[in-house]
Amino acid sequence: MAKKKNDTDPNYKVIAENRRARYDYAIEDDLEVGMMLSGSEVKSLREKSGNIAESYAAVEDGELWLVNSYIAPYERAMFPHMERRKRKLLVSRKQLSNLWNSTQRKGMTLVPLVMYFNHKGLVKMKIGIAKGKKNHDKRAADAKRDWGRQKQRLLRHGD
């Protein structure tokens, strides 16, 4: 019998989130990938000290890499890590070829959306396959969000 997923899982914890990504990009699809990290990087992430706001993913030499992500140094580490190094992301070959096709042929961008510990306690990342928004698209999204807020306010107060 399969075990039901518990929403209040103590191991699931969001480390870093890229909130600006949904504003700057139109997310077409997303994909969960693993990360290759050293021990001091994982310990630092357990203290919730990471940032993916300015990072991106790229397919280089048949491998998927996370570029410009920040993981703070761990003070008690015997062998410290570099804060902004390229980190290898783990995907299957089929997923990698699909990502390469979408970036090289279709002109899409691979944007990290959220980094988290999954229910097994492993560091995972959700990557969005996205297309950049123009300024008029961003203004339309702002207007739609503002109208939604105003509509909720009117329904609540009945003005």
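Me: What pattern does the protein chain follow, read along the sequence?

Reply: The order of elements is β-α-β-α-β-β-β-β-β-α-β-β-α, made up of 4 helices and 9 strands. The model is predicted, with pLDDT of at least 70 required for local features and 80 or more for side-chain atom pairs, while totals for chains, interfaces and linings use all residues. Residues are numbered from 1 along each chain as its sequence is written, and side-chain values use heavy atoms, leaving out hydrogens and water.

Me: What makes α3 a helix, and how do you know that its span agrees with its number of residues?

Reply: Helices are DSSP runs of H or I with at least four residues, strands are runs of E with at least two, and both are numbered from the N terminus. With 12 residues, α3 meets that length. The expected span is 1.5 Å times one less than the number of residues, so α3 should span 16 Å, and its end C-alpha atoms are indeed 16 Å apart.

Me: How do you know that the buried residues of α3 line one face?

Reply: The buried residues (under 20% relative accessible area; exposed is over 50% and partly exposed in between, with a 1.4 Å probe and protein chains only) are L96, L99, S102 and T103. Their directions from the helix axis to the C-beta atoms fall within an arc of 130 degrees, so they line one face of α3. The face turned away from this buried side carries the exposed residues R93, K94 and Q104. Cover for the buried residues of α3 comes from elements including β2, β4, β5, β8 and β9, where contact means heavy atoms within 4.5 Å.

Me: Why does S44 count as buried?

Reply: S44 has 1% relative accessibility, which is under the cut-off, so S44 is buried. S44 lies in helix α2, residues 39-46. Leaving aside residues up to four places away in sequence, S44 touches S49, I71, A72, P73, Y74 and H81.

Me: Which other residues of α2 are buried, and what makes them one face?

Reply: The buried residues of α2 are S40, E41, S44 and L45. Seen down the axis of α2, they fall within an arc of 140 degrees, so they line one face of the helix. What covers them includes β1, β3, β6, β7, β8 and β9.

Me: Why is D61 called exposed and N68 partly exposed?

Reply: D61 is at 81% relative accessibility, which is over the upper cut-off, so D61 counts as exposed. N68 is at 27%, between the two cut-offs, so N68 counts as partly exposed. D61 sits in the loop between β4 and β5, and N68 in the loop between β5 and β6. Each is a residue other than glycine with a positive phi: near 55 degrees for D61 and near 70 degrees for N68. K48, which follows α2, also has a positive phi, near 60 degrees.

Me: What makes the space lined by E28 and I129 a pocket, and what is its lining?

Reply: On a 1 Å grid over the protein atoms alone, a pocket is an open set of points with protein on both sides within 12 Å along at least five of seven lines, whereas in a cavity a 1.4 Å probe fits but cannot get out. Lining residues have an atom within 4 Å of a point. For the second largest pocket these are E28, D29, D30, L31, Q95, N98, L99, S102, K106, M108 and I129. The elements giving two or more residues to this lining are β2 (25-35) and α3 (93-104).
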